[in-house]
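Reader: I would like to go through the labels attached to this model and see, for each of them, what value stands behind the word. Could you take me through the reasoning step by step?

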Amino acid sequence: MSKVTAKIESAAQTDSVTLIDNASNKSVELPLLHGTEGPKVVDIRRLYAETGFFTFDPGYTATGSTESKITFIDGDKGILLHRGYPIEELAEHATFPEVCYLLLNGELPTPAEYEKFEHTIARHTMLHEQITYFYRGFRRDAHPMAIMCGVVGALSAFYHDSTDIDDPHQRMVASHRMIAKMPTIAAMAYKFSIGQPFMYPRNDLNYAVNFLYMTSAVPCEEYVIDPIVSRAMDRIFILHADHEQNASTSTVRLAGSSGANPFACIAAGIASLWGPAHGGANEAVLKMLHEIGDKSRIPEFLKRAKDKDDPFRLMGFGHRVYKNYDPRAKVMQESCHEVLNALDKKDDPILELAMELERIALEDEYFIEKKLFPNIDFYSGIILQAIGFPISMFTVLFAVARTVGWVAHWNEMIEDPHQKIGRPRQLYTGPSQRPYVAREKRR
Ligand code: CMC
């Protein structure tokens, strides 16, 4: 791999940076952009045209892929704002539909707007009856995230009127449909896996309660909901609603940048979320806690997490952006205690193990030095298990909540006048051009 020596000089007074290629002594001045919050951003859009260079940043560790007004994270301070509002305040005072409205429309709803929005979402919760037949095609033991990828992708075949993505009204109808139908699809995936009849949505229940009803109720019994559980569910949805340009959101934006059907784009987001480094971590945390099994085995697992030759990582720890405590994890930890107390499960051995693991890891030199703190997934699985969800449903719940974030970003991307198809370049290190060798002459 050849290397070009280049130097970046910051010139605060001109509000630009100069990139100098030492080999040719050529330079290019690149503007610095300022957002309302966060670090300055070097605008490299003219770089290739003026220098013939690309940038190289695998995993986008220092690359802003878009301008956005939806969510801001200060990873060093542990701050998360949706449309300017701190996540802690939203989790304490707002409801999930309120946060959905905020993410989609940019402002908190007035009482009338809120009522109308809840009504609209409630009226879109049912699925086309034909969709129920898709479930029968899956094995009973299929992972519910696999079912989610398939069924949500299949929605693109049902809503032709939503495919005119240039029409803001049709875009909003598609957005409402996705937010409203995702809990129904998720609950049906669960009911299918346990062999129980599908429970149709109920428009008299709020978003979180309706979801709990569709997953927990059975036709032969009256369904009684514990308000502590429904509030916890609502809060879990709020905490997972959006997280700026994470892997699944960037996937939705990239898929959508070609003008693809929005339902298919959300299915792509679900696929990306499924991985254990992203939303699949909540499932992985619980599996890890069960594998550790006892406090006495924590040192053994910490040793493995620090061993470069062992692929094991402490699931629920570390984050690309947060180099401080994930603010969502703090709220989740509080909720976890509340729910376990209310359900009389406060002596839950898994919670005790998790708290001890957290305590020991936070005092460990390796985790301190690498700024590895518990993330949102560390505690969410414990609450979800206490509520009664099986481990395989944890990432599905994340997908239900994150749908609004995906949809808000997809809309923002389509409306962006600078929007282009996402098409990264590469640092090619394969063979240089060579002539084809006939098969019989190859040795
Ligand atoms: N356990 C042990 N070591 C870790 C961990 C961990 N959980 N996370 C990071 N490290 C180490 C890593 O080995 C690396 O060490 P070195 O510098 O010596 O090579 C250093 O810390 C930096 O890690 P990285 O993988 O380069 O950082 P990243 O920003 O690419 O990855 C992450 C972030 C979240 C994928 C990673 O921390 C991780 O795999 N954590 C466990 C999975 C997890 O909890 N994911 C949920 C993320 S939050 C919710 C969401 O996004 O959906």
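Author: Let me begin with a definition: a residue is called buried if its relative accessible area is under 20%, exposed if over 50%, and partly exposed in between. Please keep in mind that this is a predicted model.

Reader: Why is D364 called buried or exposed, whichever applies?

Author: The relative accessibility of D364 is 13%, and because this value is under 20%, D364 counts as buried. The residue is placed in the loop between α15 (349–362) and α16 (365–369), and, when residues up to four places away in sequence are left out, D364 touches L302 and K306.

Reader: What makes Y48 and F54 a stacked pair?

Author: By the rule for rings, which asks for centres within 6.5 Å and, for stacking, planes under 30 degrees apart, the count comes to 19 aromatic pairs. The rings of Y48 and F54 are 4.6 Å apart, centre to centre, with 25 degrees between the planes, so both conditions of a stacked pair are met.

Reader: How do you know whether Y48 and F54 are buried, exposed or partly exposed?

Author: Y48 has a relative accessible area of 46% and F54 has one of 36%; because both values lie between 20% and 50%, each residue is partly exposed.

Reader: Why is the pair of Y366 and F367 called edge-to-face?

Author: The ring centres of Y366 and F367 are 5.2 Å apart and the planes stand at 70 degrees; the cut-off for this class is over 60 degrees, so the pair is edge-to-face. Y366 is buried at 18% relative accessibility, and F367 is buried at 3%. Y366 also faces the ligand, in that a polar side-chain atom of Y366 lies 2.9 Å from a nitrogen atom of the ligand.

Reader: What makes that approach of Y366 to the ligand a polar contact, and which other side chains have polar atoms at such distances?

Author: A polar contact needs a pair of N or O atoms within 3.5 Å, and the 2.9 Å of Y366 satisfies this. A polar side-chain atom of R313 lies 2.8 Å from an oxygen atom of the ligand, and one of K308 lies 3.2 Å from an oxygen atom of the ligand, so these two qualify by that cut-off as well. In total 22 residues surround the ligand, and the closest are H278, R313, L314, G316 and R320.

Reader: How do you know that R140 sits over the ring of F192?

Author: The charged end of R140 is 4.2 Å from the centre of that ring, against a limit of 6 Å, with a further requirement of 35 degrees from the ring normal. R202 likewise lies over the face of Y213, at 5.0 Å from the ring centre.

Reader: Why is helix α8 described as largely enclosed?

Author: Helix α8 (residues 207–216) has 10 residues and nine of them are buried, so the rest of the structure largely encloses the helix. Among the buried residues are Y207, F211 and Y213, and the elements against which the buried residues pack include α7 (168–194), α9 (227–240) and α18 (394–415). Two of these aromatic residues, Y207 and F211, belong to a cluster linked by ring pairs together with F96, Y190, F237 and F389. At the N-terminal end of α8, N206 acts as a cap, with a side-chain oxygen 3.2 Å from the backbone nitrogen of A208.

Reader: What makes β5 and β7 edge strands?

Author: The order β5-β6-β7 describes an open sheet of three strands with antiparallel pairing. Each of β5 and β7 (85–86) has a single partner strand, so one side of each is left without a neighbour in the sheet.

Reader: How do you know that β5 and β6 pair?

Author: Pairing requires at least two bridges, and four bridges join β5 to strand β6 (residues 79–82), the two running antiparallel. One of the residues of β5 (residues 71–74) is D74, whose bridge partner in β6 is I79. D74 is buried because its relative accessibility of 17% is under 20%, and a polar atom of the D74 side chain lies 3.1 Å from the backbone nitrogen of K77.

Conventions. Residues numbered from 1 in each chain as written. Predicted model: local features only at pLDDT ≥ 70, side-chain atom pairs only at ≥ 80, totals over all residues. Heavy atoms only, no water. Phe/Tyr/Trp six-rings, centres within 6.5 Å; stacked < 30°, edge-to-face > 60°. Buried < 20%, exposed > 50% of the residue type's maximum accessible area, 1.4 Å probe, protein only. Contact = heavy atoms within 4.5 Å. Near = heavy atom within 4 Å. Polar contact = N/O pair within 3.5 Å; in protein donor to acceptor, adjacent residues only side chain to side chain.
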